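Dear colleague,

Please find below the structure that I am handing over to you, shown with its sequence. My account of what was found in it follows directly after.

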Amino acid sequence: MTGSFRIARLQPSDAEAFRTIRLAALQTAPAAFGSTYEIEAARPVSAFADGLSASVVFGAFDDRRIVGMAGFRQEAGPKVSHKAVVWGFYVEPAWQGRGAGSALLAALIEAAQDVVEQLTLTVVEGKDAAIALYTKFGFTAYGTEPRALKTSSGYVNEVLMALRLPQRS
Ligand SMILES: CC(C)(COP(=O)(O)OP(=O)(O)OC[C@H]1O[C@@H](n2cnc3c(N)ncnc32)[C@H](O)[C@@H]1OP(=O)(O)O)[C@@H](O)C(=O)NCCC(=O)NCCS
């Protein structure tokens, strides 16, 4: 089933709505992310606006609000700036399985091709929906970091994935 949504890049002026979806992601799927709700909820809206300047972030919008997001941040430094890290990939539970994640990832990959040569990401071991989706878009796993995250319920391994992007001539 597909839903009725549109994908658009978020601008710093979307900071309030970005904060809402980001905090919803951290609250609803805490095991999927390295950050925490408590840390980000304490940040002012201006920090979220800064985040939208430092990253390229796409939102999936229904009529009124953002129901999903995905971003990439180019690495800094002459030897690593050909790469970007994918982060914050999330679709609200009610919208999952309706194509929003695929649409977000397609938009992200398309935009990243103008900026970098390679995308990398980490995904918590066992997050099968996310791993299946990344694989569908060509990401391959190149390793697993044991005990990558330490949470209140124990250590968590992360799968490392990469996608080499076709170069625009
Ligand atoms: C990962 C996530 C963003 C996918 O968003 P989505 O809108 O449900 O994605 P789509 O509807 O476009 O589904 C696309 C693909 O995901 C995979 N998928 C979706 N649900 C799945 C499930 N329950 N099990 C296995 N694969 C699944 C399939 O490969 C599917 O492709 P197909 O429809 O061609 O079979 C969403 O599940 C989510 O927000 N999860 C919680 C947060 C999270 O894990 N984020 C990743 C952090 S690295």
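The ligand sits in the largest pocket. Please bear in mind throughout that this is a predicted model.

Around the ligand, the elements that contribute two or more residues to the shell are strand E4 (83–91), helix H4 (100–112), strand E5 (118–124) and helix H5 (128–136). Of these, H5 gives the most, with six residues. In total, 20 residues surround the ligand, and the closest are Phe89, Val91, Gly97, Gly101 and Ser102. By character, the residues of this shell divide into eleven nonpolar, six polar and three charged.

Several polar atoms of the protein lie beside oxygen atoms of the ligand, as follows.

- Val91: a backbone N or O atom of this residue is 2.8 Å from an oxygen atom of the ligand.
- Gln96: here a polar side-chain atom lies 3.4 Å from a ligand oxygen atom.
- Arg98: a polar backbone atom of this residue is 3.1 Å from an oxygen atom of the ligand.

On its own, the ligand has 940 Å² of accessible area, and the protein covers 69% of it.

Turning to charged pairs, the structure holds four salt bridges. One of them joins Arg22 and Glu40, whose closest N and O atoms are 2.9 Å apart. Arg22 belongs to helix H1 (residues 15–28) and Glu40 to helix H2 (residues 37–41), so this pair ties together parts that are 18 residues apart in sequence.

When you open the structure, I would suggest beginning with the ligand and its surroundings, and then turning to the salt bridge described above.

With kind regards

Notes
Residues are numbered from 1 along each chain as its sequence is written. This is a predicted model: local features need pLDDT of at least 70, side-chain atom pairs count only at pLDDT 80 or more; totals for chains, interfaces and linings use all residues. Side-chain values use heavy atoms; hydrogens and water are left out. A residue is near a molecule or strand if one of its heavy atoms lies within 4 Å of it. A polar contact is a pair of N or O atoms within 3.5 Å; within protein, one must be able to donate a hydrogen and the other to accept it, and residues adjacent in sequence count only if both atoms are side-chain atoms. Accessible areas come from the Shrake-Rupley method with a 1.4 Å probe; for residues, only the protein chains shown count as cover. On a 1 Å grid over the protein atoms alone, a cavity is a set of points where a 1.4 Å probe fits but cannot get out, and a pocket is an open set with protein on both sides within 12 Å along at least five of seven lines; lining residues have an atom within 4 Å of a point. A molecule sits in a cavity or pocket if more than half of its atoms lie within 2 Å of its grid points. Helices (H or I, at least four residues) and strands (E, at least two) are DSSP runs, numbered from the N terminus. Ala, Val, Leu, Ile, Met, Phe, Trp, Tyr, Cys and Pro count as nonpolar, Asp, Glu, Lys and Arg as charged, and the others, Gly among them, as polar. A salt bridge is a side-chain nitrogen of Lys or Arg within 4 Å of a carboxyl oxygen of Asp or Glu.
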